[in-house]
Amino acid sequence: MKIIIIGPAHPYRGGIAKFNEVLAENFSRAGNDVLILNFTMQYPSFLFPGKTQYTDTAAPALNIRRVISSVNPFSWLGARRMLRREKPDLVVVRYWMPFFAPALGSIVRGAECPVIALTDNIIPHEKHFYDTPCTKYFLGGVDGVIYMSSEVGRTLEHFNYKGVSAFSPHPLYDTYGESVPREEALEKLNLDPTKRYALFFGFIRDYKGLDLLLEAFNKLNNKDLRLIVAGEYYGNREKYESLIRALGERVVVFDNYIPEEEVRLYFSAADIVVQPYKSATQSGVTQVAYHFNKPMIVTRVGGLPEIVPDGKVGYVVGCDSTEIAAAIEDFYDNSRSEEFLEHILQEKKRFEWSAMVETFMDIFRKIN
């Protein structure tokens, strides 16, 4: 088949761009001809909260064409014409934020083949007045939807979506290389090898609950325990820095975007990964943790509990600093690492990329 994926890819950075590239590679391995229609401009600079939208890593060996400006309707018409010229058998469009709905919804209405949306969110964590009408417009242009958490599936039902839909969990992020020995990772990150480390990884946004984790650390008595915070601030930096200052040397901050080639160092250095989210659908961080065989602490929000079985690969707790602290304490006091590892090795088999590719093919066959 000829498949066109519409969404961000290199030179854009971040989990969604990386995901689209890996999805394209897996479609290709299954014998398909794949083209990614990428953005010329994703976010206007004044709307982007980070330092840069771009990566300096080498481009993957994929067919990527930058043709879409999120705010220029003429580019949307150009992308529609490209869909007609290329004559794909299937269009896959990535949907994660209603800001992009006018562009993406307009483009896919030019497709003369089935269109399947891969949805991270239907309504975003940080809500806006235009979310519902924009999402309705987008959904009106697609024949099928794949959602990666039950939470998103329930939201889809509220929109009375009439097309074909299916659940397929977020696959493993297995493109960051293999683990390195703990001692090597600590040395490269300039961390004290006599301490133990929990990890908060990813962009720092208010809904991700770093403040809850910092408050939890303040309740712990284990003075040999450290928290690594690795990610760029996308929220109220001052709020977090005051909590970090109060904890002193117990928190080590790497407040920059973590390059792909360095991701494995942070996960190799850590004993456990903590995601104290206040809201969530699914999270790519869980799938990076699975790849590196790391136990997790997640909060009981969105689709996180269905990805991280409580008591098997880690802990599911309430959005409460006391519960988070208790889980951290139990993990270290009762040496749970080996116990969780056994279950992680079994559980991660659920998240193969081949399963997601097959879900796309199943929906394609139903639409056709």
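How many residue pairs are in polar contact across the interface of domain 1 and domain 2? Six of them turn up there, and the views below walk you through that interface and a few other spots in this predicted model.

**View 1. The whole chain, to get your bearings.** Start with the protein chain as a whole, which has 14 helices and 13 strands. Its C-alpha trace spans about 65 × 40 × 40 Å along the principal axes. A compact globule of 368 residues would have a radius of gyration near 21 Å, and the protein chain agrees with that, coming in at 21 Å.

**View 2. Two domains, side by side.** The domain assignment splits the protein chain into domain 1, made of 2-171 + 352-367, and domain 2, covering 182-350. Their centres, taken over C-alpha atoms, sit 29 Å apart. For the contact, domain 1 brings 23 residues and domain 2 brings 25 residues.

**View 3. A look at the interface itself.** Put together, domain 1 and domain 2 bury about 2,000 Å² between them, and 49% of that is on carbon and sulfur atoms. Besides the six residue pairs in polar contact, two salt bridges cross this interface. On the side of domain 1 that touches domain 2, helix H5 (residues 150-158) gives the largest share, with three residues. That side of domain 1 divides into seven nonpolar, nine polar and seven charged residues.

**View 4. Glutamate 232 meets arginine 13.** The structure holds 20 salt bridges, and here's one of them: glutamate 232 with arginine 13. Glutamate 232 lies in the loop between strand S9 (225-230) and helix H8 (237-247), while arginine 13 lies in the loop between strand S1 (2-6) and helix H1 (15-29), so the pair ties together parts that are 219 residues apart in sequence. The closest N and O atoms of this pair are 2.5 Å apart.

**View 5. A cis bond at proline 11.** Stay with the loop between S1 and H1, which is also where you'll find proline 11. The peptide bond leading into proline 11 from histidine 10 is cis, with omega near 15°. Why pause here? Because most peptide bonds are trans.

**View 6. Lysine 87 and its positive phi.** This last stop is the loop between helix H2 (73-86) and strand S4 (90-95), home to lysine 87. Phi of lysine 87 is near 50°, a positive value in a residue other than glycine. That's worth a glance because most residues other than glycine have a negative phi.

Conventions:
Residues numbered from 1 in each chain as written. Predicted model: local features only at pLDDT ≥ 70, side-chain atom pairs only at ≥ 80, totals over all residues. Heavy atoms only, no water. Domains from an automatic or database assignment. Contact = heavy atoms within 4.5 Å. Buried area = accessible area lost by both parts, 1.4 Å probe. Salt bridge = Lys/Arg side-chain N within 4 Å of Asp/Glu carboxyl O. Polar contact = N/O pair within 3.5 Å; in protein donor to acceptor, adjacent residues only side chain to side chain. Helix = DSSP H or I, 4+ residues; strand = E, 2+ residues; numbered from the N terminus. Nonpolar A, V, L, I, M, F, W, Y, C, P; charged D, E, K, R; others polar. Rg over C-alpha atoms; globule rule 2.2 N^0.38 Å.
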